[in-house]
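Visitor: I'm new to this structure and would like a close look at a single part of it. Could you pick a spot with charged side chains and walk me through its surroundings?

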Amino acid sequence: MIKTVYVSGPYSKGDVVVNVRNAVMAAEKIAEAGGFPFIPHLSHLWHTIAPHDWEFWLRQDLEWVERCDVFFRMSGESNGAALEEKCARELGKPIYLETDSLERLCQDIRTSS
């Protein structure tokens, strides 16, 4: 059963605001399908209040990758997302790649509920 979905994708490469918005919009579709998305991009607000180095955020993110049922990787270049995806693969998590698989993920969530 698919419940929790880790939403991975570019954050700092390109426009951070656009990247955060894209992650939230993907997560909204996942939530509408009945899933529970985790959006690491939302740590943006935390970082503006209490900044940490890249390694801190990566440790946080990889811990959440372990706890989610599936991994959704948005398209776009990202060193952090590549490491998150590698971790998900090593853990044997189901992985949905690229934006066009978002509909398939949502359908799988609906049918697994």
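Guide: Let's start with D61, which is buried and yet has no salt bridge. Keep in mind that this is a predicted model. Which side chain of opposite charge is nearest to D61? That would be R59, and R59 is 11 Å away. A salt bridge needs a side-chain nitrogen of Lys or Arg within 4 Å of a carboxyl oxygen of Asp or Glu, so R59 doesn't make one with D61. You'll find D61 in helix α3, which covers residues 54–67. Leaving aside residues up to four places away in sequence, D61 touches Y6, P40 and E84.

Staying in helix α3 for a moment, look at E63 and R67, which are four residues apart, or about one turn of the helix. These two do form a salt bridge, with their closest N and O atoms 2.6 Å apart. E63 is partly exposed, at a relative accessible area of 37%, whereas D61 is buried.

Now follow one of the contacts of D61, Y6, over to the sheet. Y6 stands opposite F71 in β3. Strand β1 (4–8) and strand β3 run parallel, and four bridges join them. How does the chain get from β3 to β4? It crosses through α4, and this β-α-β crossover is right-handed.

Step back and you'll see an open sheet of four strands, in the order β2-β1-β3-β4, with parallel pairing. At the edges stand β2 (36–38) and β4 (95–97); each has a single partner strand, so one side of each is left without a neighbour in the sheet. On average, and ignoring direction, neighbouring strands here are turned by 25° against each other.

Strand β3 (residues 70–73) is joined to β4 by three bridges, and these two strands are parallel as well. F71, the residue across from Y6, also stands opposite I95 in β4, while R73 stands opposite L97. Which way do the side chains of β3 point? V70 and F72 point one way, F71 and R73 point the other way, and all of them are buried.

R73 brings us back to charges. Side chains of opposite charge can pair when their charged atoms come close. For R73 the partner is E85, with the closest N and O atoms 3.7 Å apart in their salt bridge. R73 lies in strand β3 and E85 in helix α4, so the pair ties together parts that are 12 residues apart in sequence. Both ends of this bridge are buried: R73 has a relative accessible area of 10%, and E85 has one of 15%.

E85 has another partner, R89, and here the closest N and O atoms of the salt bridge are 3.0 Å apart. This time both residues lie in helix α4, four residues apart, about one turn of the helix. R89 is partly exposed, with a relative accessible area of 47%. Since they share partners, the salt bridges join R73, E85 and R89 into one network. As for helix α4 itself (residues 79–90), it lies across β1, β3 and β4 and runs at about 150° to β3.

In total, the count for the model comes to five salt bridges. D61 takes part in none of them.

Terms used:
Residues numbered from 1 in each chain as written. Predicted model: local features only at pLDDT ≥ 70, side-chain atom pairs only at ≥ 80, totals over all residues. Heavy atoms only, no water. Pairing = 2+ DSSP bridges. Axes fitted to C-alpha atoms, helices over the stretch in contact; angles between N-to-C directions. Contact = heavy atoms within 4.5 Å. Buried < 20%, exposed > 50% of the residue type's maximum accessible area, 1.4 Å probe, protein only. Lys, Arg positive; Asp, Glu negative; His and termini not counted. Right-handed = clockwise from strand over helix to strand, strands pointing away.
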